[in-house]
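This note sets out a number of points for a reader who is meeting the structure for the first time. Please keep the sequence and the model in view while reading.

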Amino acid sequence: MEITNVSEYQAIAKEKLPKMVYDYYASGAEDQWTLAENRNAFSRILFRPRILIDVSKIDMTTSVLGFNISMPMMIAPTAMQKMAHPDGEYATARAASAAGTIMTLSSWATSSVEEVASTGPGIRFFQLYVYKDRNVVAQLVRRAERAGFKAIALTVDTPRLGRREADIKNRFTLPPFLTLKNFEGLDLGKMDKADDSGLASYVAGQIDRSLSWKDVKWLQTITSLPILVKGVLTAEDTRLALENGAAGIIVSNHGARQLDYVPATIMALEEVVKAAQGRVPVFLDGGIRRGTDVFKALALGASGIFIGRPVVFSLAAEGEAGVRKVLQMLRDEFELTMALSGCRTLKEITRNHIVTEWDAPHVLPAARL
């Protein structure tokens, strides 16, 4: 079967992967309302395309924290990619580099920062969970810096792991032939089997629940890398992020894996963008499956987007070639959306190019909640 869109990779991944692994990647928290809403909310935003504009040349290039990339689509941190494919994060790093965009490596990767750096050139960010042992954190940040990573994406929505019922049912644990490579020499790389989710037990034992804004300040004392705060959904927290020196904000609900019944990230985006007042870039993570979704996020003020699940599903299906194809398909769809909306550059994408349910309720059918 010829793959014609990003979503088709999920069905292939479901066939190929062990149930425990597929469920880990695919599932959300509790009732999974937010998981569905992350996708459904995009359908409540419609286009207002402009016509008779010369779109023979389309420029999708942009810069993120001063780094030039080919398009406003980047790779979000997703853990344990070698469960999807033996090449894991190596394949993802090479695919991102080939596409001229940024890969974010998870703290819980099955390849270390040094191993990913060894795949060749590329702009890479490092996603950070803050462990109870701050020496571990400081050591890890320094390693990421030495390995040439360009920013820290600090995940702030996980003082405890969300209740992921599929993982509890499956007694999820990292397969025995894999480790969390960044922590291997620190005796923190293994995840034991537990009575529920092995990951939930690991997080309860290792991750610091006392994490607060003062720790964002502390991070700035141990690294010169810019810090993106990942997991912001409100104007209030946006203002606090600015006060505490964040270099950027990632609007994220952790792929709907933490607190269920939070809004879709695309619904929270505009509130965060308005609160940021252009002082730092705001990015969106969650639910992106089409180039049209990317355009909608930019029209609502995002500087760029991150994709997560499409990467692991395409990796499971076709390895590095799959990830390359996902990035290319999103790029092609986004370019077409720009052309058909009458936009030649990212700057030309404005709020006037879309209409949302909350702008004009009479224009759209009532939300099907």
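**Points on the predicted model**

1. P281 is placed in the loop that runs between α11 and β10, the latter covering residues 282-285. Is this proline buried, partly exposed or exposed? With a relative accessibility of 23%, P281 counts as partly exposed, because the buried class holds only values under 20%. The structure under discussion is a predicted model, not an experimental one.

2. The surroundings of P281 come from other parts of the chain. Once neighbours within four places in sequence are left aside, P281 is in contact with L65, A247, G248, I249 and S303. In addition, P281 and L228 are 53 residues apart along the chain, and their C-alpha atoms are separated by 9.3 Å.

3. Helix α10 spans residues 235-243 and contains T238. The buried residues in α10 are A235, T238, A241 and L242. Viewed down the axis of α10, these buried residues fall within an arc of 115 degrees, so they line one face of the helix. The cover over them includes α9, β8, β9 (248-251) and α11 (265-276).

4. T238 deserves a paragraph of its own. Its relative accessible area is 0%, so T238 is buried. Which atom does its side chain reach? The side chain of T238 reaches the backbone oxygen of T234, at 2.7 Å. Apart from neighbours within four places in sequence, T238 is in contact with V232, I249, V272, A275 and A276. I249 is thus a residue in contact with T238 and also with P281.

5. Helix α9, formed by residues 213-222, can be read in a similar way. Here D215, V216 and L219 are buried. They cover an arc of only 110 degrees around the axis, which puts them on the same side of α9. On the other side of α9, K214 and T221 are exposed. Among the elements that cover the buried residues of α9 are β6 (124-128), α6 (134-146), β7 (151-155) and β8 (227-232). The strand β8 therefore appears in the cover of α9 and in that of α10.

6. Some backbone angles should be checked by eye. G245, just after α10, takes a positive phi of about 85 degrees. R171 has a phi near 50 degrees, a positive value in a residue other than glycine. R171 sits in the loop between α7 (165-170) and α8 (198-206), and a relative accessible area of 40% makes R171 partly exposed. Y261 also is a residue other than glycine with a positive phi, near 70 degrees; Y261 belongs to the loop between β9 and α11.

7. The largest pocket has a volume of about 550 Å³. How many residues line this pocket? The lining holds 36 residues, and T78, H254, G255, R257 and R309 lie nearest the centre of the pocket. At least two lining residues are supplied by each of α2 (19-26), α3 (33-40), β11 (304-307) and α13 (309-341). Sorted by class, the lining of the largest pocket has 17 nonpolar, 12 polar and seven charged residues.

8. The second largest pocket has a volume of about 270 Å³. Its lining is made up of D59, T61, T62, S63, L298, G301, A302, S303, T345, L346, K347 and I349. By class, these divide into four nonpolar, six polar and two charged residues. S303, which lines this pocket, is also one of the residues in contact with P281.

9. The last point concerns enclosed space. How many cavities of 30 Å³ or more does a search of the whole structure find? The search finds one. About 40 Å³ of space lies in the largest cavity, and the residues that line it are P77, T104, A153, K230, I250, D285 and F306. Four of the lining residues of the largest cavity are nonpolar, one is polar and two are charged.

Technical notes. Residues numbered from 1 in each chain as written. Predicted model: local features only at pLDDT ≥ 70, side-chain atom pairs only at ≥ 80, totals over all residues. Heavy atoms only, no water. Buried < 20%, exposed > 50% of the residue type's maximum accessible area, 1.4 Å probe, protein only. Helix = DSSP H or I, 4+ residues; strand = E, 2+ residues; numbered from the N terminus. Arc of directions from axis to C-beta. Contact = heavy atoms within 4.5 Å. Polar contact = N/O pair within 3.5 Å; in protein donor to acceptor, adjacent residues only side chain to side chain. 1 Å grid on protein atoms, 1.4 Å probe; cavity = no way out; pocket = protein on both sides within 12 Å on 5 of 7 lines; lining within 4 Å. Points joined across faces, edges and corners; volume = space filled by probe spheres on them. Nonpolar A, V, L, I, M, F, W, Y, C, P; charged D, E, K, R; others polar.
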